[in-house]
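Me: I should like to go through this model by question and answer. Please reason briefly each time and finish on what was asked.

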Amino acid sequence: MPREDGLPPGTLIMLVLRVLASGPLHGYAIAARLEQVSKGALQLNMGTLYPGLMRLEQRGFLRAAWGVTDTNRKARFYTITAAGRRQLAAGRSEWDRMTSIMHTLLTDEG
């Protein structure tokens, strides 16, 4: 069954962990950063992002703390944990392996 956000399973986890590897951000800033780096191709709604952030926090991949945004609003800021960094490294390795296989299959003329 296709996901509501159109992403392959596990992709949102990798994207969020990668964005947070650069430093803590609140949910809206995470979504904005993903939209920016994808040149608008990836637009997450908060109904997709926040449950994902909660699951990542429950798994120990993120830590959340209340803070104040640049616009003086109260928000939860998410930080990647050591377990999250390990998950990111493992996920990246698996992603590289799968994309290599796909590249080979799609360029194979045999």
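Me: Is helix α1 (residues 11-20) mostly covered or mostly uncovered, and how many of its residues are buried?
Reply: In this predicted model, the buried positions of α1 include Thr11, Met14 and Val19. Leu12, Val16, Leu17 and Leu20 also belong to the buried set. The helix is therefore mostly covered, since residues count as buried under 20% relative accessible area, and the number of buried residues is 7 of 10.

Me: Which elements cover the buried residues of α1?
Reply: The cover comes from helices as well as strands. Among the helices are α2 (27-37), α3 (46-58) and α4. The strands included are β1, β2 and β3.

Me: Why does leucine 12 count as buried?
Reply: Leucine 12 lies in helix α1. The limit for a buried residue is under 20% relative accessible area. Leucine 12 is buried because its relative accessible area is 7%.

Me: Which element gives the most to the largest nonpolar core?
Reply: This core has 19 residues, and Val16, Leu20, Ile30, Leu49, Leu53 and Leu62 have the most contacts inside it. At least two residues come from each of α1, α2, α3 and β3. With 6 residues, the element that gives the most is α1.

Me: Which residues does valine 16 contact, leaving aside its neighbours within four places in sequence?
Reply: Valine 16 is among the residues with the most contacts inside the largest core, and it is one of the buried residues of α1. Beyond its neighbours within four places in sequence, its contacts are Ile30, Leu49, Leu53, Leu56 and Leu62.

Me: What is the strand order of the open sheet, and which residue is the bridge partner of leucine 25?
Reply: The sheet has 3 strands with antiparallel pairing, in the order β1-β3-β2. Its edge strands, β1 (25-26) and β2 (62-68), each pair on one side only. β1 pairs with β3 (residues 74-80) over 2 bridges in the antiparallel sense. In β3, the bridge partner of leucine 25 is tyrosine 78.

Me: Is leucine 106 buried or exposed, and what is the accessible area of the nonpolar surface patch?
Reply: Leucine 106 is found in helix α4 (residues 82-107). It counts as exposed because its relative accessibility is 68%, and the cut-off is over 50%. Together with Met98, Ile101, Met102 and Leu105, Leu106 forms a nonpolar patch on the surface, whose accessible area is about 490 Å².

Methods. Residues are numbered from 1 along each chain as its sequence is written. This is a predicted model: local features need pLDDT of at least 70, side-chain atom pairs count only at pLDDT 80 or more; totals for chains, interfaces and linings use all residues. Side-chain values use heavy atoms; hydrogens and water are left out. Two strands pair if DSSP finds at least two bridges between them. Helices (H or I, at least four residues) and strands (E, at least two) are DSSP runs, numbered from the N terminus. Patches are made of residues with over 30% relative accessible area and no salt bridge: like charges are joined within 9 Å, nonpolar side chains (Val, Leu, Ile, Met, Phe, Trp, Tyr) within 5 Å. Accessible areas come from the Shrake-Rupley method with a 1.4 Å probe; for residues, only the protein chains shown count as cover. A salt bridge is a side-chain nitrogen of Lys or Arg within 4 Å of a carboxyl oxygen of Asp or Glu. Buried means under 20% relative accessible area, exposed over 50%, partly exposed in between (1.4 Å probe, protein chains only). Contact means heavy atoms within 4.5 Å. A nonpolar core is a set of buried Ala, Val, Leu, Ile, Met, Phe, Trp, Tyr and Cys residues joined through side-chain atoms within 4.5 Å.
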